[in-house]
Amino acid sequence: MPDSSTQESTILVERTGSVCIITLNRPQAMNSLSLQMLTEFCEALDAAAFDPEVSCVVITGAGERAFCAGADLKERAGMNELEVRKTVSTIRATMDKLGNLPMPSIAAVNGVALGGGTEIALACDLRIVADSARMGLTETSLAIIPGAGGTQRLPRIIGIAKAKELIFTARRIDAEEALAIGLANKVAPLGSLLDEAKALAAEIGKNGPIALRMAKRAIDKGMEVDLATGLAIESTCYEVIIPTEDRVEGLAAFREKRKPVYSGK
């Protein structure tokens, strides 16, 4: 086995202002999720999560063919049952780490996104999809089920009945259908996809960073409970914001009719 230090990185990380762009970088394998990629992906997500300068994370794929074709089935074919269980658990933990990022996240789906590829997009807060992209939770066609959150996140985004239809049939859908059913927030030409994602990230990033994190927490946690509990979660998140310098700056900027300068404090 070659020394891992000589292997090409499967994850690329770029910072544009306060936006962190994480690129899945195995275009020769349609950006499928190898064990090396999962390890490096987790490291990149951890770095972004603890970086106070990052206001938004964008996930995309290298090349024009694929966002992520799911698990690396060639690698998995050589695994025994225990290794498969460990790998599926690692993929699930990676998606949870992505979903639990404190700041907003955007999937820029630049091509085929099947199985785990769609699950990456589902774990993001927002999805901008290239007009040439195709998405789908196709696991039942392989006699398995989505194992990295797909059965839970898809119905929460598009509704139970439609999610069951897509998972039961293992159907692949195009960008326009993804938009129509609420899976995609926006469809963009492939050539301008990343620019669209960066523009949305910049629009998000101009707002108070603590407020963004608390808004995400209130929405995500509130969606899992009854309304009364959700309102209590919102109140708790609001309490975090009240003593911040950014809240005072926002009010001052509004009063003085200028753009606020937020510090994340």
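This passage describes the pockets, the cavity, the salt bridges and some single residues of a predicted model.

The largest pocket encloses about 980 Å³ of space. Its lining is made up of 29 residues, and those closest to the pocket centre are G99, D125, K216, I219 and D220. Two or more lining residues come from each of the helices α3 (81-99), α4 (116-123), α5 and α9 (209-222), and also from the strand β7 (126-130). Helix α9 gives the largest share, with nine residues. Sorted by class, the lining of this pocket holds 14 nonpolar, four polar and 11 charged residues.

Two of the residues closest to the centre of the largest pocket, D125 and K216, also interact with each other. Their side chains meet in a salt bridge, with a distance of 2.9 Å from N to O. Because D125 belongs to the loop between α4 and β7 whereas K216 belongs to helix α9, this pair ties together parts that lie 91 residues apart in sequence. The two partners can be described by their accessibility as well. D125 has a relative accessibility of 25% and counts as partly exposed. K216 has a relative accessible area of 8% and is buried, since the cut-off for a buried residue is under 20%.

The second largest pocket has a volume of about 630 Å³. It is lined by 28 residues, and A69, G70, A71, L73 and L142 are the ones nearest its centre. At least two lining residues are supplied by each of the helices α2 (73-77), α3 and α4. The lining of the second largest pocket divides into 15 nonpolar, seven polar and six charged residues.

L73 and L142, which lie nearest the centre of the second largest pocket together with A69, G70 and A71, appear again in a surface feature. With I144, L73 and L142 form a nonpolar patch on the surface, and the accessible area of the three together is about 270 Å². L142 is located in the loop between β8 (134-136) and α5 (150-158). A143 is part of the loop between β8 and α5 as well. Although A143 is a residue other than glycine, its phi is positive, near 65 degrees. A143 is exposed, with a relative accessible area of 74%.

Besides the pockets, the structure holds one cavity of 30 Å³ or more. The space in the largest cavity amounts to about 50 Å³. Its lining consists of T118, M135, G136, L137, L154, L166, I173 and L183. Six of the residues in this lining are nonpolar and two are polar, while none is charged.

In total, 13 salt bridges are counted. One of them joins R156 to E224, with 3.2 Å between the closest N and O atoms. R156 lies in helix α5 and E224 in the loop between α9 and α10 (227-241), so this salt bridge ties together parts that are 68 residues apart in sequence. R156 is partly exposed at a relative accessible area of 48%, and E224 is likewise partly exposed, with a value of 48%.

A further salt bridge links R171 and E165, whose closest N and O atoms are 2.6 Å apart. R171 counts as partly exposed, with a relative accessibility of 32%. E165 also counts as partly exposed, with a relative accessibility of 29%. Salt bridges are also found in a network, which links E249, R255, E256 and R258.

Two residues in loops that involve strand β2 complete the description. S18 is found in the loop between β1 (11-16) and β2 (19-24). The C-alpha atoms of S18 and A201 are separated by 8.8 Å, while the two residues are 183 residues apart along the chain. S18 is partly exposed, with a relative accessible area of 26%. M30 lies in the loop between β2 and α1 (35-49). M30 is not a glycine, yet it has a positive phi of about 55 degrees. With a relative accessible area of 23%, M30 is partly exposed.

How values were computed: Residues numbered from 1 in each chain as written. Predicted model: local features only at pLDDT ≥ 70, side-chain atom pairs only at ≥ 80, totals over all residues. Heavy atoms only, no water. Patch = residues over 30% accessible without salt bridge, like charges linked within 9 Å, V, L, I, M, F, W, Y side chains within 5 Å. Areas by Shrake-Rupley, 256 points an atom, 1.4 Å probe, with all protein chains shown as cover. Salt bridge = Lys/Arg side-chain N within 4 Å of Asp/Glu carboxyl O. Helix = DSSP H or I, 4+ residues; strand = E, 2+ residues; numbered from the N terminus. 1 Å grid on protein atoms, 1.4 Å probe; cavity = no way out; pocket = protein on both sides within 12 Å on 5 of 7 lines; lining within 4 Å. Points joined across faces, edges and corners; volume = space filled by probe spheres on them. Nonpolar A, V, L, I, M, F, W, Y, C, P; charged D, E, K, R; others polar. Buried < 20%, exposed > 50% of the residue type's maximum accessible area, 1.4 Å probe, protein only.
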